[in-house]
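Me: Hi! I have a new model open and would like to talk through its helices and sheets. Could you help me find my way around?

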Amino acid sequence: MFSLAERSCAAMLRQAQCHQHILVPSMYFLAKAMFSSPSTPEKKQHIVVALGGNALLKRGEALNLTNQRKNIADGIASLSSVLKNNTITFVHGNGPQVGLLALQGAAYQKESGTEAAALDVLDAETEGMIGYLLEQEIDAVLGKDAEKRGVVTLLSQIIVDPNDKAFQHPTKFIGPVYSKVEAMKLGKPVKPDGDWYRQVVPSPMPIRLIEQQLTAVKLLTNNDTIVICAGGGGIPVILEDGRLKGIEAVIDKDRAACMLGKSLGADGLMILTDVPGVAVDFGKPTERFIRSASPERLKELSMNFPDGSMGPKVESAVDFTEGRNDKWSMIGSLKEATQMMNRNRIKQDVNQAGTMITNDHGSDHLEYY
C-alpha cells in the first residue's frame, strides 16, 4: 500500500506530466524527484589535492601572470580525470606569489612611506588571485559538469598558536629565487633552496579552520562541490580577547591540507609538486625514489627530508595516513596526477608514478622504484 504522501506525489506527478509543456515544468521535476526511487551511483572518493606553489610557477620562471595562467592550465588539464571522478577539495601553495606581493609592498613603502600590508593580508590576497585562476581552468575542463557541481573559492582563516616555536625559527620559503650574492643583499632571513636561495618566514602549525568556515566547506563537499580553500595554507589568525586577529606568518599548505582532510573525513590526500616523488639522498648519485611505504617506515627516513621543502610533505602524508587503515596519501608530480590516481584505484603498482603512503602492506613496508 502507498502512503497518503506517496499517493499525493503520484497525483502531482500525473498532473505535472499533463501540463509540463505549457504550465509548470518546475512542479514536474519536483514531483519526479519526490516520487521516483533514488538512484544509487558508486560513491566517489573525497580527495584533498594540495598543489605546490612551485608547481603553479616553475622554479626560475618570471613571476608574471602569463606564466602562472599557463602552468595552472596545464596542471588542471593533467587533473581532469581526477576531477571528473572524485569529490575534490583543493589546497594550493602561494610561496612565490606572496613573496612577490611582499616585495612590491616593501618597494612601495620605501617610495611613499605608506605602511606595507602584513603577511596575513597578503595571504588573503593570494587566496583570491590563485583561486580565481584555478576556477577559470576548472570551468574550462569540466564544462557543464562544473555548472552542475559548483566551483567555489573560500577565504580560509586558520587558528595558529602565537607561541609556536616557528616564530623563532623561520623555515617557509616565499618569493622568487636568488643567487647567493643577491640573497645576502636582501636584509631578510634566507636559506638555500636547491641551487638557489629564497627568503624564509615563520610557518606555524595549523590548529583548525574556524568553525563557521568548516561548516560551509562540509556543506559544499557533501554536495560534490569543488572547493578551493586554505590557499597558501590559509590565513593565519589567533584568538585575542575573544576575537580573531591576523598574525605575520605563512602556514605550510601541506600541513593545512592534512588538517583539513582529517576534519572533513576525506578518503585520500594527494600532494602534488614539481618532483616525481619522495626520494632518499635526493640530488645525490645514490638517489632512490620510493614507490610505496608505510607511515612508520617513512618516519624512520625523516632525516632525508629537509624543512621547508619535502619535510612538511612527508610529515603531512604520514600524519594523514598513520593509524587510519582506510586512508591513503600520495606525493608526486602534478603532471603525473592521473597515473598516480589510476595506480591507487586498481590497487596495483602498474603505473610508475609518485610515492604512495599506505597501511595496506603492514607497518614494515618500504619499496623503491
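Reply: Happy to! One term before we start: two strands count as paired if DSSP finds at least two bridges between them. Keep in mind that this is a predicted model.

Me: Good. What is the strand order in the open sheet of four strands?

Reply: The order is 8-4-10-11, and the pairing is mixed. Strand 8 (208-209) and strand 11 stand at the edges with a single partner strand each, so one side of each has no neighbour in the sheet.

Me: Which helix packs on that sheet?

Reply: Helix 7 (residues 119-142) does, touching strand 10 and strand 11. The direction of helix 7 makes about 135° with that of strand 10.

Me: Mixed pairing, you said. Do strand 4 and strand 10 run parallel or antiparallel?

Reply: Parallel: three bridges join strand 4 (residues 157-159) to strand 10 (residues 235-240). I158 has P236 in strand 10 as its bridge partner.

Me: And how many bridges join strand 10 to strand 11?

Reply: Four, with the two strands running antiparallel. V237 is bridged to G246 in strand 11, and L239 stands opposite L244. The two strands make a hairpin with two residues between them. In that turn, D241 has a positive phi of about 55°.

Me: Nice. Now the open sheet of three strands: what is its order?

Reply: That sheet runs 5-7-6 with antiparallel pairing. Strand 5 (172-178) and strand 6 (190-193) are at the edges; each has a single partner strand, so one side of each is left without a neighbour in the sheet. On average, neighbouring strands here are turned by 40° against each other, ignoring direction.

Me: How many bridges are there between strand 5 and strand 7?

Reply: Strand 5 pairs with strand 7 (residues 196-201) over four bridges. One pair to look for is F173 with V200 in strand 7. Helix 6 (residues 95-112) packs on this sheet, where it touches strand 5 and strand 7. Its direction is at about 70° to that of strand 5.

Me: Tell me more about helix 6. Which of its residues are buried?

Reply: They are G95, P96, Q97, V98, G99 and G105. Helix 6 has 18 residues and spans 26 Å from its first C-alpha to its last, close to the 26 Å expected at 1.5 Å a residue. Just after the helix, G113 takes a positive phi of about 80°.

Me: Switching to helix 4. Which residues are buried there, and which are exposed on the other side?

Reply: Q68, N71, I72, G75, I76 and S78 are buried. They cover an arc of only 155° around the axis, which puts them on the same side of helix 4. T66 and K70 are exposed on the other side.

Me: Is there a general reason why residues three or four places apart point the same way?

Reply: Yes, an α-helix has 3.6 residues a turn, so residues with that spacing point the same way.

Me: What caps the N-terminal end of helix 4?

Reply: N64 does, with a side-chain oxygen 3.3 Å from the backbone nitrogen of T66.

Me: Last one: why does S78 count as buried, and what does S78 touch?

Reply: S78 has 14% relative accessibility, and buried means under 20%. Leaving aside residues up to four places away in sequence, S78 touches L334, K335, A337 and T338. The S78 side chain also reaches the backbone oxygen of L334 at 3.0 Å.

Definitions and conventions. Residues numbered from 1 in each chain as written. Heavy atoms only, no water. Buried < 20%, exposed > 50% of the residue type's maximum accessible area, 1.4 Å probe, protein only. Arc of directions from axis to C-beta. Polar contact = N/O pair within 3.5 Å; in protein donor to acceptor, adjacent residues only side chain to side chain. Axes fitted to C-alpha atoms, helices over the stretch in contact; angles between N-to-C directions. Contact = heavy atoms within 4.5 Å. Expected span 1.5 Å × (residues − 1).
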